[in-house]
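Colleague: I would like a close look at one part of this model, namely how its helices pack against one another. Please walk me through it slowly, with the terms explained as you go.

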Amino acid sequence: MHTHIETEDMLLQSLDDIVYASNQDLIQENANVDGQSPMGQMSKFGSEAAKHYAKQKMLSTDVSQAIADNFIHPHDLDFMPTGTTTCCQIPLGKILKDGFNTGHGYMREPNDIGSAMALASIIFQSNQNMQHGGQSYPMFDFDLAPYVYKTFLKHKKRLTNYVTRYTSIEIATIAWHETDRDVYQACEAFVHNCNSMHSRGGGQVPFVSINYGTDTSMEGRLVMKNILLATKAGLGNGETPIFPIQIFKMKKGVNFEPDEPNYDLYQLALETTAKRLFPNFSFIDSTFNYPYYDGSPESEVAYMGCRTRVMANRHGDETGVQRGNLSFTSLNLVKMALLTTSETAFFEKLDHYMTLAIKQLLERYQFQAKKQAQHFSFLYGQQVWKDSDQLEASDQLTDVLKHGTLSIGFIGLAEALVALTGEHHGESDEAYQLGYRIVEHMRMFVDLAAERYDLNFSLIATPAEGLSGKFTKNDQAVFGKIPRVTDRNYYTNSYHVPVYYKIRAFDKIKKEGAFHKLCNGGHISYIECDGDVSKNTKALDTLIKTMSMNDFGYGSINHPVDRCTCCGYTGIIDNECPKCHNNDQEKVERIRRITGYLVGDMKKWNSAKRAEESQRVKHQTSSKDTKQ
């Protein structure tokens, strides 16, 4: 345990690193923030000071020791003193219908799709300052469909007032044509807003996601078609939009086969992801998502873009809407494996640190629950969070926060298995079976915690960004560079097969798919493709269908998307732009996926994630070249 003087010195060193931008990993813990900008720096000052306060004043001694010893990591610890929660699936349709107040005036219900989507941006913006994680619309298509119809009625009324020879059918056709145009413009503005509005003192674009894919009405289909087309077109100079993260819901009978009503939109989704890396794909029919489905849009699983999933609920309706994660804490599986000499000893150590993680989550929850509704005026005052309409301003949050999840995450299953068996789960069936038992054991442990404390504990496949390098760096200081365990700059994310390991796409899908049902707090798997995939959307279709067959909850496809800032060319750029022949790498933006979302420029990545990205291999669809 560090002494008080040592921790004060560590805080001052962190502040020095921010002032002089001397530590890239510190100032760019979050790739979505420009850590060298004035507001980015100011935010980081606050973050480091708040973390210091939380460690000194809010954590139990044994929890603090486990953190200092590099076994556990509470995410977003800097927000702990504020009592914020992580994320929320926002009921967009409900808020639009009733109108809302941002704190500076009342917004009445919109009368057309343009206003509705402008207000959708404002809702994201307003709610972002109430939480420390992401925001999502779980039923984007259903929620906006009424405003498409309102737009149609306005056009129809105007056209009917003209003196023409058009029949009523012809007037309706023209009105729908004009409505289609308006929906596109509204979607284009929404995408632009999501990539330009700022929150948290201007330092960060809000993390926002939208889920859609299953509304078969004409109005809902127009929303989906145009959000995809606007995304495909890109921003003003053709840039790939970073936000909103888009999740296309796959459902048999709706968009799975050619004779189904939204199959054409699924094809457009494939074309869009081939060009822009979004949408990702979620699967309502998976064995663990389908039991919640009753045919209503509220019962369809909706993911946060990064991966978070909230469905089961011990205290009310089992839906993701108006709910989210309260906080999550991750385990370093690698260090536990390095300090044990047998499988039995590993599981004993795992239980010890899971118990501490649960203790830490409960202590944070108890602090969150004592906050008052008035401290989060939009989240609770505008009834974004479930049952918050029953709260008075001075009421504490205990009753409504019960709807959220408390999640335990994990990092480095692959490296832990190498430490325990000599191989990771991509290499041998024996290691795979042990890896499965480890994750299964963690799931059983959190299920028991849910029973014991009557709260929604869940297991999440951690979206590690800064943590993947932090855990590793600290372990290297203790153990040195152990081949295939601690000799890289990062640990492999959650249950993933290492990014550097050559494995067929179908084999990766099969191996990782089995873990999705265990990680009920969230999961995602990626397939890395090579070349210009826009010329082969049939291959993407095959990958998505294979994900579905292997019980995926949420998956996506990665491929290179580069942009030349000299001429605006977007595509694959090796050493030289194929259009203008620019070979200055500083003038090439390389868009890649990091923990589920995109970053406009890899220059903002920390060193661990840059190292990880540089070692990613493409997943072949044949057995050729699959040996490491």
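Modeller: What follows is an account of two helix pairs, with a short look at a sheet and at the confidence of the model.

This is a predicted model, in which local features need pLDDT of at least 70 and side-chain atom pairs count only at pLDDT 80 or more, while totals for chains, interfaces and linings use all residues. Residues are numbered from 1 along each chain as its sequence is written, and side-chain values use heavy atoms, with hydrogens and water left out.

The pLDDT, the predictor's confidence in each residue on a scale from 0 to 100, averages 91 over the chain, and 94% of the residues score at least 70. Over residues 622–628, however, the pLDDT is below 50, and this stretch has 11 contacts in the model beyond near neighbours in sequence; contact here means heavy atoms within 4.5 Å.

Helices are DSSP runs of H or I with at least four residues, strands are runs of E with at least two, and both are numbered from the N terminus. The axes of helix α7 (residues 140–161) and helix α8 (residues 168–194) come within 8 Å and cross at roughly 135°, where axes are lines fitted to C-alpha atoms, for helices over the stretch in contact, and angles run from 0 to 180 degrees between N-to-C directions. That angle makes α7 oblique to α8, since angles under 35 degrees count as roughly parallel, over 145 as roughly antiparallel, 65 to 115 as roughly perpendicular and the rest as oblique. The contact includes F140, F152 and R158 of α7, and among its residues from α8 are W176, D182 and F190. The residues of this contact divide into 12 nonpolar, 4 polar and 5 charged, with Ala, Val, Leu, Ile, Met, Phe, Trp, Tyr, Cys and Pro counted as nonpolar, Asp, Glu, Lys and Arg as charged, and the others, Gly among them, as polar.

Helix α17 (residues 505–516) and helix α18 (residues 537–549) pack at an angle of about 25°, with their axes 9 Å apart, which makes α17 roughly parallel to α18. Here A505, F506 and I509 of α17 meet T542, L543, T546 and M547 of α18, and the residues of that contact comprise 5 nonpolar, 2 polar and no charged.

Turning to the sheet, strand β9 (residues 325–332) and strand β10 (residues 405–411) pair in the parallel sense over 7 bridges, pairing being assigned if DSSP finds at least two bridges between two strands. Within β10, I408 is the bridge partner of T329.
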